[in-house]
Amino acid sequence: MEEMAFAQLVGAWVSIFLTLTVLSFLFDDNPIYKVAEHLFMGVATGYGIVEAYWNLLKPNLFDKIGQGFSGESDQLIYLIPLVLSVMLLFKISPKYAWVARVPIAILVAAYAAVKITGETSGKLIGQIGASFPNMSESWDKHGLWNWEADGAGVISDTLLVVGLSACLIHFYFSEIDARSQRLGVPMGIVTFVLVMACALTMAPIESTGGKIAVGLGLGLCAAAPFLTLSPYKHLLTRFGVMVLMISFGASFGFTVMGRISLAIGRGQELLGQSRAPVEVAQIHPQIATLVSAVIIITCLFIFRKKEH
Amino acid sequence: MLEWLIKFQRMDRRWVFLGMAIAIFIPLVFPLQLPFRVDKEVRDVYRQVEKLPEGSAVLISADFDPASVPEIGPFFTTHLHHLFRRNLKPVLVTLWPTAIPLVLPEIKAIAKTYNKKYGEDFVFLGYKEGKELVIKNIGQNIFQQFPTDYDGTPLPDLPIMQGRRQAKDFPLIVSISAGFPGLNEYVLQIQGQYNLNMVGVCTAVGGPDYIPFYKSGQLKGLSMGMPGSAQYEKLVWKDKPAPGVKLLATAAMDVLNLGHVFIIVLIIMGNIAFFITRRIEEA
């Protein structure tokens, strides 16, 4: 059996003790929780500074400037970021805070350039294309609704496009005058009929049922936004709100799942399930958990007694 | 009854914490082994690995911290087993400084069990600060961004890096991400630009943000949170895990189920109590 170092054993016990210390906050705010909190902040800051120095400042700045002074003249260009970094520190001086505006402006400009290209190629183009799925292909692959493919099919595609339109229209707050409101329904009907006719004649689908289904789907997708110019706009926006609520609900559900997962991770650590049997045999995590729990409960009891 | 409902609404929140603690610890100690199915998103991740020819290199960006290990740590471990078992070559980088102590010992330990050699069968290029800029450079020139590996060996001296100068030289890119910088930035900065074959692994909280990337085909597969890791474990270890391998995410599925049931019950009871007491108070 490979023996663990003493520091590793102590580290394992400390991690279990600190886990329970932090969890003690669920009972009540208390001094031992505060100790753990400050310890965490201190360790995280220390780790961050050391990492930043050894992985960022030293190899990318100090070493290169050093090379520059020792003969490699092209490396002296790194004096510019050093000067800019120093200029950033002027932010703390009320009198010379304006000096920091130069590096901040450069940072913002560079970051905007990097972000804009990424957002355009990754999100704008990619996601707009995916926002209107190929319904003929969907029909060929899945039909109206395919349970085995998580409900993929023409109905899902139609719901996606109509839901997206409804969500966007929900955020259209301008008042529409009564005259314009008369246009929506006739325009929607004409669009629906035209799109339906195009789909029936031109859709690359062999079956008539498929053509009708795709035509209906496409017609609905094309006609729905015209409801904005009608007295029925509120129906569309209500549907948009429902879609948004479902999406917020899904996000909330995922968040809850994430938090439970974190608790499970700690639970597995406390019970020694996440460690190899060799380590468990040496650390005895269950005993560590029990001892830590007893210490923390005793401390909580003493603190409570003192408070009262 | 009304009195009880009013009491329930004013219940001390610590009872909820206690209930959740019980819901977590009981199935951990006494596993129920409830069945679960594998989602298409995770099956696609598995398929992407399976269809790679032997000897291919896979670029893995392991961007996570200790807080996200319960969710995506099991995926990372299983993924390395999957790659080594299929004689594929992982090339690891990280954009999170906190990932180094999680990634390096893990890959070394797993590689040892498969008799894989550092520099030939796997490599860890280390951590680089710079967030999106590092990702952009990975797309353009890995050798420039990472002149040496984590141990300081120049990249041209590593056999595994021969002919693999940029992201598009890798037939598969795996972004294991717990947040920023991570999966989102990989998709935005290089996936679209170089049309990369890419799969994503994320925490449950980030899942809803990345589903559109999977649906649009920008990601070829997606594993979300602990259930994603459990499903991947199920696919990789079909019959039973190799000796010494613990299926932590699979073991946690019972707990996830019970934890969610507990929360759902609380939400339903809370709503019932709220509506009944409100109606009576109004009357």
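**Exercise 1. Work out how well strand 1 of chain B is covered, and which way its residues point.**

Solution. Keep in mind that this is a predicted model.
- Step 1: count the covered positions. Seven of the seven residues of strand 1 of chain B are buried, which makes the strand mostly covered.
- Step 2: split the residues by direction. B:A57, B:L59, B:S61 and B:D63 point one way, while B:V58, B:I60 and B:A62 point the other way.
- Step 3: put the two together. Residues on both sides of strand 1 of chain B are buried.

**Exercise 2. Find the strand order of the open sheet in chain B and say how the strands pair.**

Solution.
- Step 1: read off the order. The six strands of this open sheet run 3-2-1-4-5-6, with parallel pairing.
- Step 2: pick out the edges. Strand 3 (123-127) and strand 6 (221-224) of chain B each pair on one side only, so to speak the rims of the sheet, by the definition of pairing.
- Step 3: check the twist. On average, neighbouring strands of the sheet are turned by 15 degrees against each other, direction ignored.
- Step 4: look at two of the pairings. Strand 1 and strand 2 of chain B are parallel and share five bridges, with B:K89 in strand 2 as the bridge partner of B:A57. Strand 5 (residues 198-202) of chain B is joined to strand 6 of chain B by four bridges, also in parallel, and here B:V201 stands opposite B:S223.

**Exercise 3. Which strands of chain B do helix 5 and helix 9 of chain B lie across?**

Solution.
- Step 1: take helix 5 (residues 100-113) of chain B. Strand 1 (57-63), strand 2 (89-94) and strand 3 of chain B are the ones it lies across, and it runs at about 165 degrees to strand 2.
- Step 2: take helix 9 (residues 207-215) of chain B. This helix lies across strand 5 and strand 6 of chain B, at about 165 degrees to strand 5.
- Step 3: zoom in on one residue of helix 5 of chain B, namely B:I110. B:I110 has 22 C-beta neighbours inside 10 Å, so this residue counts as buried.
- Step 4: list the partners of B:I110. Leaving aside neighbours within four places in sequence, they are B:L80, B:H81 and B:F84. B:F84 is 26 residues from B:I110 in sequence, and their C-alpha atoms are 8.4 Å apart.

**Exercise 4. How many residues does the largest nonpolar core have, and what does B:I176 touch?**

Solution.
- Step 1: size up the core. The largest nonpolar core has 82 residues, and those with the most contacts inside it are B:V58, B:L92, B:I176 and B:A252.
- Step 2: ask who contributes. Helix 11 of chain B gives the largest share of this core, eight residues.
- Step 3: follow B:I176. Not counting residues up to four places away in sequence, this residue touches nine others, among them B:I60, B:F64, B:F75 and B:V201.
- Step 4: look for a separate core. Another one, of 21 residues, lies apart and includes A:V161, A:A166, A:C221 and A:F226.**Exercise 5. At what angle do helix 6 and helix 10 of chain A pack, and how is that arrangement classed?**

Solution.
- Step 1: get the geometry. Helix 6 (residues 154-170) and helix 10 (residues 233-270) of chain A pack at an angle of about 105 degrees, and their axes are 7 Å apart.
- Step 2: apply the cut-off. Angles of 65 to 115 degrees count as roughly perpendicular, and therefore helix 6 and helix 10 of chain A are roughly perpendicular to each other.
- Step 3: see who meets whom. A:G163, A:A166 and A:C167 are among the residues on the helix 6 side, and A:L236, A:F239 and A:V243 are among those on the helix 10 side.
- Step 4: sort the contact by class. Eight nonpolar, four polar and no charged residues take part.

**Exercise 6. How many residues does each chain put into the contact between chain A and chain B, and is A:Q273 buried, exposed or partly exposed?**

Solution.
- Step 1: count both sides. Chain B supplies 41 residues and chain A supplies 37 residues.
- Step 2: find the main contributor on chain B. Helix 11 (248-282) of chain B is one of the helices that supply at least two residues each, and its seven residues are the largest share of that side.
- Step 3: classify the chain B side. Its residues divide into 23 nonpolar, 11 polar and seven charged.
- Step 4: turn to A:Q273, which lies in the loop between helix 10 and helix 11 (277-283) of chain A. With 17 other C-beta atoms within 10 Å, A:Q273 is partly exposed.
- Step 5: check its partners. Not counting residues up to four places away in sequence, A:Q273 touches A:Q268, B:L28 and B:A251.

Note on methods
Residues numbered from 1 in each chain as written. Chains lettered and ligands numbered in written order. Predicted model: local features only at pLDDT ≥ 70, side-chain atom pairs only at ≥ 80, totals over all residues. Pairing = 2+ DSSP bridges. Axes fitted to C-alpha atoms, helices over the stretch in contact; angles between N-to-C directions. Contact = placed C-beta atoms within 7 Å. Parallel < 35°, antiparallel > 145°, perpendicular 65-115°, else oblique. Nonpolar A, V, L, I, M, F, W, Y, C, P; charged D, E, K, R; others polar. Core = buried A, V, L, I, M, F, W, Y, C linked by C-beta atoms within 7 Å. Buried ≥ 20, exposed ≤ 12 C-beta atoms within 10 Å, placed from the backbone.
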